Amino acid sequence: MSPLRGKKILLGITGSISAYKAPLFVRLLKKSGAEVQVVLTPSALDFVSPLVLATLSERPVFHAFVDGSQGHQWNNHVELGCWADAIVVAPASSVTLAKGATGLCDNLLTAVILSAKCPVIWAPAMDLDMYAFGATQNNFATLESFGHYIIPADSGPLASGLEGQGRLPEPESLFSYVEHFFGEKGSMVGERVLITAGPTQEPLDAVRFLSNASSGKMGWALARSAALRGAQVDVVLGPVSDFPFIPGVQVHSVVTAEEMFHKTLSLFPTSTCSVFTAAVADYAVATPEKGKRKKTDEPWNLSLKPTLDILKACGQSKQKHQKVIGFALETDNGLANAQEKAVKKGADVVCFNPANEEGLGFGSTHNRVVMVNASGIIKEFPAQSKQDLAEALWDTIEALSVVK
Ligand code: CTP
């Protein structure tokens with residue numbers, strides 16, 4: 001269950017092109033079970049539709065102290081400030097940030113912020129030079145000194161055509177930040193979790209590679225729920241499309257099995273619990289060609305060499321306080337093979353997931369798992385979304401004291 005269920009989130013939206021992301025953010029908040037009250041600044045009205053926001057949030061949207069359309073209804077800023085469990089300003093323009101830092105309240109949103117009895121989280125969005133400007137940076141520091149929180153802007157292409165830091169993070173990232181905020185003091189505070197995830201790519205030549213269909217979703221779901229429980233998480237991630245930023249999760253991008261091996265081994269000594277979900281290539285091309293190989297009528301015979309086994313290297317060198325959890329992707333004799341892998345690779349437990357069941361496992365959003373150790377089955381987890389499964393796996397891992 002999301003820690004946001006039943007939480008009251010007041011979403012402040014200011015005048016910024018990136019306000020187009022706000023309706024999607026509202027949807028994610030609502031889907032998690034949060035109540036959402038949207039308050040716009042007058043200039044936000046130029047960028048996003050109150051009708052869309054009111055429909056998605058299932059509440060009227062406010063943008064003025066007095067709402068003339070409803071018979072001069074008074075929108076009470078103090079009441080709104082007291083109602084919220086958190087105020088999130090996304091996007092936060094430089095002018096609204098400056099008003100927040102100096103206590104200038106000339107619209108409903110800034111008055112609500114001054115009346116807040118709850119955490120205030122700002123997600124700045126502006127052009128790169130405005131973001132880097134000394135006064136803006138000072139405003140961030142001032143707001144933080146009030147106990148407010150700043151979500152750092154993303155880097156990338158900006159509405160101005162320039163490129164740099166200033167982009168509003170994607171709705172999924174904003175959502176993860178807020179969810180993490182409420183889930184922070186969980187049962188895994190103090191744990192250092194290391195997760196391998198995704199496929200690896202082994203080059204054949206300068207433009208071709210050997211890989212597999214792993215999506216990295218199982219590893220990502222485990223990372224997200226461990227972070228929500230308070231763990232500090234490192235993910236060594238093979239080449240898959242970007243996942244949203246999650247506070248508490250540090251991503252280390254790698255491409256080949258060899259790179260994944262070295263990065264994971266360098267992080268392993270400080271980890272307390274490691275989970276190996278990556279679909280690491282078992283073979284790499286012995287001598288990949290440096291340039292692009294030209295097409296001929298002759299067959300291309302490749303010589304493949306085995307890669308190093310990352311789980312085995314960690315499992316066999318682990319200390320007493322370190323727990324190691326493997327995954328086993330199997331088509332035949334799944335349970336027996338998974339058990340054998342647990343023994344051979346020195347894993348405390350291995351999660352068998354079938355590779356040949358429609359809609360499950362590899363590359364899909366759902367999975368089914370049987371957790372085994374050297375002595376037999378520990379628990380069966382029925383088919384469910386990878387996110388729900390990640391929660392259930394951590395519940396069991398924690399209950400079994402596989403961690404702690
Ligand atoms: N694994 C690893 N490094 C490798 C190969 C596998 O860390 N070079 C890990 C996987 O992340 C997984 C476990 O070992 O946690 C089992 O992986 P799997 O692909 O099921 O089995 P393999 O050991 O590769 O054996 P096989 O392909 O013969 O089943």
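What percentage of the 404 residues in the protein do buried residues make up? In this predicted model, the share is 49%. The secondary structure consists of 13 helices and 21 strands. Along the principal axes, the C-alpha atoms fill a box of roughly 75 × 55 × 40 Å. The accessible surface amounts to about 18600 Å². Carbon and sulfur atoms hold 54% of that surface. Contacts were also sorted by distance along the sequence. Among those with a separation of 6 or more, 68% join residues 24 or more positions apart.

Strand 5 (86–92) offers a starting point. Seven of its seven residues are buried, and the strand is mostly covered. In a regular strand, side chains alternate between the two faces of the sheet. Both faces of strand 5 are covered. On one side stand Ala-86, Val-88, Ala-90 and Ala-92, which are all buried. On the other side stand Ile-87, Val-89 and Pro-91, also buried. Strand 5 has paired neighbours. Strand 1 runs parallel to strand 5 and is joined to it by four bridges. One pairing links Leu-10 to its bridge partner Ile-87 in strand 5. Strand 6 also pairs with strand 5 in the parallel sense, over four bridges. Here Ala-92 has Pro-124 of strand 6 as its bridge partner. Strand 5 also holds a cis peptide bond. This bond runs from Ala-90 to Pro-91, with omega near 0°. Pro-91 itself is found in strand 5.

Helix 8 packs against this region. The helix covers residues 171–183 and has 13 residues. From its first C-alpha to its last it reaches 18 Å, close to the 18 Å expected at 1.5 Å a residue. Eleven of the 13 residues are buried, so helix 8 is largely enclosed by the rest of the structure. The buried set includes Pro-171, Leu-174, Phe-175, Tyr-177, Val-178 and Phe-181. Ser-173, Ser-176, Glu-179, His-180 and Gly-183 are buried as well. These buried residues pack against several elements. Among them are strand 1 (8–13), strand 5 (86–92), strand 6 (120–124) and strand 7 (149–150). Helix 1 (22–31) and helix 9 (217–228) are also packed against the buried residues of helix 8.

Helix 10 supplies another buried position. Ala-257 is found in this helix, which spans residues 257–267. Ala-257 has a relative accessible area of 2%, under the 20% cut-off, and therefore counts as buried. Leaving aside residues up to four places away in sequence, Ala-257 touches Thr-200, Glu-202, Val-280, Ala-281, Thr-307 and Ile-310. Asp-129 lies elsewhere. Ala-257 and Asp-129 are 128 residues apart in sequence. Their C-alpha atoms are 40 Å apart in space.

Two loop residues have positive phi. Glu-58 is not a glycine, yet its phi is about 60°. Glu-58 lies in the loop between helix 2 (50–57) and strand 3 (66–67). Its relative accessibility is 62%, over the 50% cut-off, so Glu-58 counts as exposed. Asn-333, likewise a residue other than glycine, has a phi near 50°. The loop that holds Asn-333 lies between strand 18 (323–330) and helix 12 (334–345). Asn-333 has a relative accessibility of 60% and so counts as exposed.

The ligand was examined last. Which residues, of the 15 around the ligand, come nearest? They are Phe-276, Ala-278, Phe-327, Lys-341 and Lys-345. Polar atoms also face the ligand. An N or O atom in the side chain of Lys-345 is 2.4 Å from an oxygen atom of the ligand. A polar side-chain atom of Asp-282 lies 2.9 Å from a ligand oxygen atom. Leu-329 uses its backbone: an N or O atom there lies 3.0 Å from an oxygen atom of the ligand. Taken alone, the ligand exposes 560 Å². The protein buries 77% of that area. Helix 11 (310–317), strand 18 and helix 12 each give two or more residues to the shell around the ligand. Strand 18 gives the most, with four residues.

Key. Residues are numbered from 1 along each chain as its sequence is written. This is a predicted model: local features need pLDDT of at least 70, side-chain atom pairs count only at pLDDT 80 or more; totals for chains, interfaces and linings use all residues. Side-chain values use heavy atoms; hydrogens and water are left out. The expected span of a helix is 1.5 Å times one less than its number of residues. Buried means under 20% relative accessible area, exposed over 50%, partly exposed in between (1.4 Å probe, protein chains only). Contact means heavy atoms within 4.5 Å. Two strands pair if DSSP finds at least two bridges between them. A residue is near a molecule or strand if one of its heavy atoms lies within 4 Å of it. A polar contact is a pair of N or O atoms within 3.5 Å; within protein, one must be able to donate a hydrogen and the other to accept it, and residues adjacent in sequence count only if both atoms are side-chain atoms. Accessible areas come from the Shrake-Rupley method with a 1.4 Å probe; for residues, only the protein chains shown count as cover.
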